[in-house]
Amino acid sequence: MKVLVPVKRVVDANVKVRVKGDGSGVELANVKMAMNPFDEIAVEEAIRLKDAGKVEEIIVVSIGPAQAQETLRTALAMGADRAILVKTDETAEPLGVAKVLKGVVDAEKPGLVILGKQAIDDDANQTGQMLAALLGWAQGTFASKVEINGDKAKVTREVDGGLQTIDLKMPAIVTVDLRLNQPRYASLPNIMKAKKKPLDEKSAADFGADLKPRLKVVKTEEPGGRKAGVKVKDVAELVSSLKSAGVI
Amino acid sequence: MSAEQRVADALDAFRHSLDNSGVIDGNAPDAVRYLHDWTGDYLGAACAVLRPKSVDEVQQIVRICSKYRLAIIPQGGNTGLVSGTVGNDAQGTIVLSLERLNRIRSIDPTNFTMRADAGVVLQSMKDAAENEDMLFPLALGAQGSCQIGGNVATNAGGINVLRYGMTRDLVLGLEAVLPDGSLWQGMTGLRKDNRGYDFKQLLIGSEGSLGIITGVEVKLFPRPANVETAYLGAESFESAMRLFGMARRICSDLLTAFEVIGSECIAMAKLGNPDTRPPLEGDWPVHIIMELGCSAAIDGRVLIETLLAEAFEAGLLGDGTIAQSRAQARAFWAIREDLVEGQAKRGRHVRTDLSVRLSDVPRMIDSCRQAIASDWPGWQPLAYGHAGDGNIHFNVLPPHDMPTEEIAAATPRVLASLYDIVRDLGGSFSAEHGVGRSRRDVYWDWLTPESRQLMKAIKSAFDPQGMMNPGGLMPD
Ligand SMILES: Cc1cc2nc3c(=O)[nH]c(=O)nc-3n(C[C@H](O)[C@H](O)[C@H](O)COP(=O)(O)OP(=O)(O)OC[C@H]3O[C@@H](n4cnc5c(N)ncnc54)[C@H](O)[C@@H]3O)c2cc1C
C-alpha cells in the first residue's frame, strides 16, 4: 500500500508572529519557517507504518512556494520515499488544497492519506475533512492511535471529554493529533541521502485543479492585550467585584 | 558608640531615606533569600538588605554607610557561583540589592544600543532587544534571574562569547555610584573613544569591589533571521576541536556557539529531566551543540550541511542531526541546561570553569580525568562547556554516600589538583565565573608581585576606606 502525507510549510511555531503594517496578513519576510508540527507527526506515523510492514511507499506532497522543497526534504530525511511539490505563489486555502490533493490521490492511488489535523498558521482544520468529502472516503480525524488491519483502519480519536474508537474502511483519510507519536529527528546521514531522493515539481493544473483564492482577507490584527489584573483583599471583595463585572 | 547602636542608627537613617519595603532587617525571614548563594552551599549574614528604587537612593545609602562605617555588598540576581555576595559580618555589612532599579531606559536603533538600569534582568534585556528586531547576545543559563549589572560586575561569558565576546565586549557605557557617594558618569555609547584611561573597563569584572554599577549601555546586533542548530556525536575532544576549526572556515565564521558535552554528563541531564533523549544513534563519547546565525540572504542550511558532509568524510563525526525547527533546536539546548540542573540535584560537588588555549582543550580534559581517576577513587568527573572559547566546566561529583562535611573538606584538595594542571598549561582557573570569596586565595596565590601591587593601588584609588564588598576579590 502507498500512503500519501501532505505537509505544509508554516511559520516556525516558536517564532513570535507580527502583523504586517497594512493589516493584509502576517510578516513572512525574514521569518524562520518549518514543517507544520502536526504534519511532522503525520510523517512519523507513516514511517512507523512502513517499519511495521503495513506500507510499501511513503509519498509526501506539499502545496506552496519553491521553498516548500525544504519542508519536503525534511520529510524525506525523516524517512519518506519521494516527494511532490505542487508549486504556487498563491496563499494555500483548504478547499483549493483539498482539490489538488484529490488530483494527487487520483494519480497516485494511495490506500491511506495521513495529514495534520490543522496547520498552525491559519488553524483552519478543514483540509482533511474536505478531501474525504471530495473523494467520498471514510475519515478518522484527531487521531491519537492508528492501527491498520487488512482493509480496516482502527482510529482512536480525541473528542471532547474522552476518546472515541472507530473502524474505517480503507482507503481512508486520517488526520492526526498531538499525542499520536513523538516525531523522530532527521539524522545527518539521512539528511544527505534525502538530497538524492526524487522530488517532482508540478503545478495545480497538472492535477486538474486551481488554487486561486476563494477567500478574501478583510483585516488582520493583533489580539488585544490582556488587561492588568487587580488584587482583592478577601473573598467578600472578590464576590462583589465579580458581581459588579456582571460575571456572576 | 556601641556596634549595636551604630547599626540601629544606620537602620533609622535607611528607613528615613527609603520606602517601607526598601529596608529589610538582616534577621528577618525575608532577608534569607538575599543572604545565601545560588548553590545553597553558603549562608551569609548582614545587618540589613536595602532595595533602592533610584540612583539617588543608591547614593543616599552609600553616604549613610560611609557615615556609619558599614560595608556594602552589591547584589544583582544573586546567581554568581563564587560566593561574591555572601558576607558574614552581621554587624558591619549591608546587602544592596539592585532588583528594584530595573527600568529599561531607552533603545537607540541607529546606534544599535540599549540603556538600562543595572537591575534589569538579562532576559528582559534580550526580550526588549528582540521586540525591536535586534539581538542582545549575552546568553547564559541564569538569564531568567541574573541582572545586567551583575553580568557587568562579573564580566559574564556564556554560550555566545564565540561570536560576540564577553560582557566586556558588549558594554559601551557605564554609570556607577562610587564609595564616597558620588556618581561616576560614563554612559557615552561611543564605539571609539581614546581619551585616556577607560574607567568602565576597570568596573567591568570588579565584582562589587570598586563601586555600585547603576546603569549600563550595551551593544545590540541585528537579529539573525536564520539560525541553524546541530547536535553531533564525535569520537573524542580532539575531533571536536578539529571540527571547530573546520566549522569556522567553512561556515564563514558565522558560528555563535560551539558547546561540548562529555557523554558522562547525559546521566546528569536525565537527572535534571527524565525525558532527556539525545538525538544520536549509538554511544558517542563527545556530544556537540553547534549553532550559527546569519541574515536571510545567506543560506545557513547549505553552510552547515556542507560543513557536516565534509566533517563526516574526514571522520571527525560519528552521527548527528540538524534541527528542522526551533522546537528541535530548543530540545538540543535543553539537554545542555538540564545537565546543569541535574548536577544541582546531586547536591554539593566540585565545580570549575577552566580556561586554556583552544589547542590544549583535549589535553587538559585528559589530564584532569586522569588526576581524578588516580587520586580520587569513587569521584565522578564531568566535562562539558564552551569548547569554542577554550572554556571547560570540569566538575567532579563526590561518591553518593559521602557526608557533606567530608565533601567540603575534600573540595579544596580536588580543586588544587585540577588547578595545578591548568596552571601548567598556562590557563586560568576562572574563565567566566570570577573570583569572589571562594577563589580569592588561589587568585592571590597565582598573581605576580607586580599585579598584586597594581590591584591594591587601583582598589585604594576607588575605595580608600575598603567599604566595597570586603572579603571578595581582595585580601582582608
Ligand atoms: C545556572 C547558572 C548558569 C550560569 N552560567 C554562566 C555562564 O555560562 N557564564 C558566566 O559567565 N556565568 C554563568 N553563571 C554565573 C552567574 O550567573 C553570572 O556570573 C552572572 O553574571 C551574575 O549576575 P547576578 O546578577 O546574579 O550577580 P550576583 O550573583 O548578584 O553578583 C555577582 C557579583 O557581582 C557583584 N554585583 C552584582 N551587581 C552589581 C552591581 N550592580 N554593581 C556592582 N557590583 C555588582 C556582586 O557584589 C558579586 O560580587 C551561571 C550561574 C548559574 C546559576
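UniProt positions are given here in the numbering of this model, and the annotations may be inferred rather than shown by experiment. With that in mind, welcome to the tour of this predicted model.

**Stop 1: chain A.** Select residues 23-211 of chain A, the stretch that an unreviewed UniProt entry annotates as "domain: Electron transfer flavoprotein alpha/beta-subunit N-terminal". The C-alpha atoms at the two ends of this span are 23 Å apart, and its make-up is 30% helix and 31% strand.

**Stop 2: chain B.** Now select residues 42-223 of chain B, annotated in UniProt (again an unreviewed entry) as "domain: FAD-binding PCMH-type". Here the end C-alpha atoms lie 39 Å apart, with 24% of the span in helix and 25% in strand.

**Stop 3: a sheet in chain B.** Stay in chain B and show its open sheet of five strands, which pair in the antiparallel sense and follow the order β5-β6-β10-β8-β9. Colour β5 (104-108) and β9 (183-186) of chain B: these stand at the edges with a single partner strand each, so one side of each has no neighbour in the sheet. Looking across the sheet, you will find a twist that averages 10 degrees from one strand to the next.

**Stop 4: one edge of the sheet.** Zoom in on β5(B) and its antiparallel partner β6 (residues 113-117) of chain B, which share four bridges. Which residue of β6(B) stands opposite Ile107(B)? Pick Met114(B) and you have found that residue.

**Stop 5: a helix across the strands.** Finally, add helix α3 (residues 55-67) of chain B, which lies across β5, β8 (171-177), β9 and β10 (212-219) of that chain. Line up your view with β8(B), and α3(B) runs at about 45 degrees to that strand.

How values were computed
Residues are numbered from 1 along each chain as its sequence is written. Chains are lettered from A and ligands numbered from 1 in the order in which they are written. This is a predicted model: local features need pLDDT of at least 70, side-chain atom pairs count only at pLDDT 80 or more; totals for chains, interfaces and linings use all residues. Side-chain values use heavy atoms; hydrogens and water are left out. Two strands pair if DSSP finds at least two bridges between them. Axes are lines fitted to C-alpha atoms, for helices over the stretch in contact, and angles run from 0 to 180 degrees between N-to-C directions. Contact means heavy atoms within 4.5 Å.
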